[in-house]
Each structure stands twice: as structure tokens, then as C-alpha cells.
Amino acid sequence: MKRSSVPLLLTSMVSLGVVAAPAPPEDGKLRIICFGAHPDDCEIQAGGVGAMWAAKGHHVKLVSVTNGDIGHWREAGGPLARRRKAEAEQADKILGVTSEVLDIHDGELLPTLENRRTITRLIREWKADIVLSPRPNDYHPDHRYTGILVQDAAYMVTVPFFCPDVPYLKNNPVFMYYPDGFQKPNPFQPDVAISIDSVIKQKLDALDIALESQFYEGGANGYPELMPSDPAKQKERHQEVRGHFEKRFQDQAERFRSKLAEFYGDSKAKSVRYAEAFEICEYGKQPNQDELKQLFPFFGE
Ligand SMILES: [Zn+2]
């Protein structure tokens with residue numbers, strides 16, 4: 001009886017976020033925590049800048065708020081959740097960042113008090129300077145509620161007697177959103193845009209090779225023909241996945257070209273091929289341009 005009760009206890013603690021990856025040392029480096037709804041969202045939205053921060057010794061953690069257990073056309077449940085956790089860990093190894101996947105069912109995330117506490121604790125444990133998340137008007141309910149949960153934590157991380165088991169933050173982090181294409185009630189407005197040209201191969205490797213179930217195999221909307229047995233066709237399929245993402249990040253460079261110019265100057269901004277961009281959330285610390293350049297220390301390169 002005793003032996004079986006131990007793993008059960010551990011499982012429930014992990015799902016509450018109590019047993020988290022150890023917090024990084026307080027060494028004066030930046031501390032960034034990114035939230036995505038599924039084990040691939042953070043990598044798509046912030047994999048480039050995440051790898052760039054990590055290469056400079058800053059501390060980056062990517063958290064998937066659900067376990068992704070319905071994110072495939074052929075498989076589901078516990079085996080898929082385990083597979084996707086392993087994929088996220090492989091992707092995050094390629095990017096040089098820390099990974100955590102919470103054990104909440106895919107497609108069932110709700111903005112509950114319990115989840116607000118979990119997100120608050122994770123931000124506090126990481127002692128974050130920057131918190132990234134989707135906007136709360138994204139298309140997928142899990143993305144929306146991830147955005148809501150992070151917004152709900154944005155003030156509470158500083159309140160001493162909310163979750164008093166984890167020390168509150170004396171400095172409110174900067175909260176920022178990932179880009180999306182949704183226009184109503186308001187479109188994404190970039191406050192900073194970053195060239196990810198120097199890490200594009202790492203990012204494409206993470207998406208194409210590590211997160212295989214989602215892109216190479218097509219995720220929830222895939223089908224068997226995406227997985228040919230002929231090695232030449234497999235290579236073609238990998239090229240197709242990489243080409244899709246190259247275009248996506250090229251399109252972002254086009255879309256955010258004027259913001260790139262504000263940070264890099266006109267001539268350098270023109271040569272940027274691939275970009276990521278973020279919008280400052282109105283909750284949390286409001287950085288000015290100089291503070292943004294300290295938080296994204298990439299513009300003098
Ligand atoms: Zn997602």
C-alpha cells in the first residue's frame with residue numbers, strides 16, 4: 001500500500017506545479033518564462049529569441065500549460081502526452097532552454113482558481129523578469145485561457161498572501177504577448193521585433209525534427225499520407241515543414257519591418273529575413289524603449 005501511494009502523491013504534486021524545475025541561480029542574468037497552451041506553442045512563438053537569450057547565459061523556461069494529449073489524428077491519451085513531453089524536451093534541448101509540461105488535458109483548460117495559483121507559483125519560482133503568453137483572443141480555447149490565466153497572475157505574483165507558500169515578487173515582471181492575426185476586438189500591436197536569423201536553423205530543427213508529431217505528422221489535422229515510407233519522400237516532407245515555417249517567420253519579418261527598423265536602424269532592418277515580435281501587456285511593468293533594449297539585448301550585434 002505504502003509503495004503505491006508514493007507515485008500517486010508525486011503525480012498530483014507535479015500536476016499542481018509544486019515540483020517544478022529548479023529555479024536558476026540569481027546571477028544577474030535575465031529570467032524569462034514563456035507560457036504556451038500546448039507542447040509546441042512556446043517553441044513556435046518564442047523559440048528563436050529563447051535560443052538567443054539562452055546563448056547569452058540568460059535563463060529561459062518554456063511551459064506548456066496542457067499536456068497535448070488530443071493533439072494527433074491517430075493517437076491520444078497518456079501515450080501521446082508522454083510522447084509530446086519527450087518532444088518538447090528534445091526541442092528545448094536544441095534551443096538550450098528549460099522545459100516543463102503541466103499535466104492538464106489538452107482541449108480542457110479552464111481559467112480556474114487552481115490554475116491561476118499554478119501559473120502564479122511558476123512565475124514566482126522562476127523569479128521572472130519577462131513573462132510571455134498568447135493574447136486572450138487567440139482562436140483556440142486553450143490558447144485563450146492560457147492568456148487569461150497569465151493575465152490573472154500578472155498582479156497576483158506581487159501579492160504576499162496569495163499563494164503564501166511561494167515568495168511573492170517584489171518587482172512585477174514585464175508581461176508580453178505573442179503575435180497572432182486576429183483583428184477583433186483589437187489586432188496585435190508589436191512593441192519589439194527581433195531578428196532570429198542567427199538561430200533559424202536551431203528553431204527549424206526544433207519544430208521539424210523534435211516536434212515531429214505536430215508538424216511532420218500533421219498533429220490533430222494530419223492524415224496517413226503525410227508519413228510516407230519512402231526515404232526520398234520523407235526528406236521532401238521535412239523540406240515542406242521547414243519551408244512552411246521559414247515562410248511564416250519571413251512573413252513576420254515583413255509584417256514587423258517598421259518595428260525592426262526602430263530597434264536596428266533602417267539599413268540593418270531591411271536585411272532581416274526572419275523575425276519574432278512581442279506586444280507589451282498593459283498589466284505588469286511597463287518598460288520604455290531603453291528598458292526593452294536591456295530585456296532584449298540583441299540590437300548592438
Ligand atoms: Zn496550441
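What kind of geometry does the site of the zinc ion have, judging by the angles among its four donor atoms? The site is irregular, with angles of 55 to 140 degrees among those four donor atoms. Four donors would count as tetrahedral if all angles lay between 85 and 135 degrees, and as square planar if opposite donors were over 155 degrees apart and all others between 65 and 115; six donors under that second rule count as octahedral, and anything else is irregular. For comparison, the ideal angle for four tetrahedral donors is 109.5 degrees.

The structure is a predicted model, in which local features need pLDDT of at least 70 and side-chain atom pairs count only at pLDDT 80 or more, while totals for chains, interfaces and linings use all residues. Residues are numbered from 1 along each chain as its sequence is written, and side-chain values use heavy atoms, with hydrogens and water left out. The protein chain averages a pLDDT (the predictor's confidence in each residue, from 0 to 100) of 93, and 93% of the residues score at least 70. Residues 1–19 are a stretch to treat with care: their pLDDT is below 50, and beyond near neighbours in sequence the stretch has 10 contacts in the model, a contact being heavy atoms within 4.5 Å. Where pLDDT is low, the predicted coordinates should not be read in detail.

Back at the metal, the protein donors of the zinc ion are ND1 of His38, two OD atoms of Asp41 and NE2 of His143, at 2.1 to 2.5 Å from the ion. Donors here are N, O and S atoms within 2.8 Å of the metal (3.2 Å for Na, K and Ca), and water is not among the atoms, so sites may look incomplete. Along the chain, the donor residues follow the spacing H-x2-D-x101-H. His38 sits in the loop between β1 (31–36) and α2 (41–55), and His143 in helix α5 (residues 141–156), so the pair ties together parts that are 105 residues apart in sequence. Helices (H or I, at least four residues) and strands (E, at least two) are DSSP runs, numbered from the N terminus. Both histidines are shielded: His38 is buried at a relative accessible area of 7%, and His143 is buried at 9%. Buried means under 20% relative accessible area, exposed over 50%, and partly exposed in between (1.4 Å probe, protein chains only).

Among the contacts of His38 is Arg84, a residue of helix α3 (residues 77–95). Arg84 counts as buried, at 1% relative accessibility. Leaving aside neighbours within four places in sequence, Arg84 also contacts Pro39, Asp40, Asn67, Gly68, Gly71, Asp106, Ser213 and Gln214. Helix α3 also holds Gln90, which is partly exposed at 37% relative accessibility. With the same sequence neighbours left out, Gln90 is in contact with Ile209 and Ala210.

Turning to the interior, the largest nonpolar core has 55 residues, of which Trp53, Ile194, Phe278 and Phe296 touch the most other members. A nonpolar core is a set of buried Ala, Val, Leu, Ile, Met, Phe, Trp, Tyr and Cys residues joined through side-chain atoms within 4.5 Å. Helix α2 supplies the largest share of this core, eight residues. Trp53 has contacts beyond four places in sequence that include Leu30, Ile32, Val60, Ile130, Leu132 and Phe296. Another core, of 22 residues, lies apart from the largest one and has Leu102, Leu109, Ile123 and Val131 among its members.

The structure holds zero disulfides, a disulfide being a pair of cysteine sulfur atoms within 2.5 Å. For Cys34, the nearest cysteine sulfur is that of Cys42, 5.4 Å away, and Cys34 is buried at 0% relative accessibility. For Cys281, the nearest cysteine sulfur is that of Cys34, 15 Å away; Cys281 is also buried, at 2%.

A few backbone details complete the picture. Most residues other than glycine have a negative phi, and most peptide bonds are trans. Lys127, in the loop between α4 (113–126) and β4 (130–133), has a positive phi near 50 degrees and is partly exposed at 36% relative accessibility. Cys163, in the loop between α5 and β5, likewise has a phi near 50 degrees, but is buried at 5%. A cis peptide bond, with omega about 0 degrees, joins Lys184 and Pro185, and Pro185 lies in the loop between β5 (174–177) and β6 (192–195).
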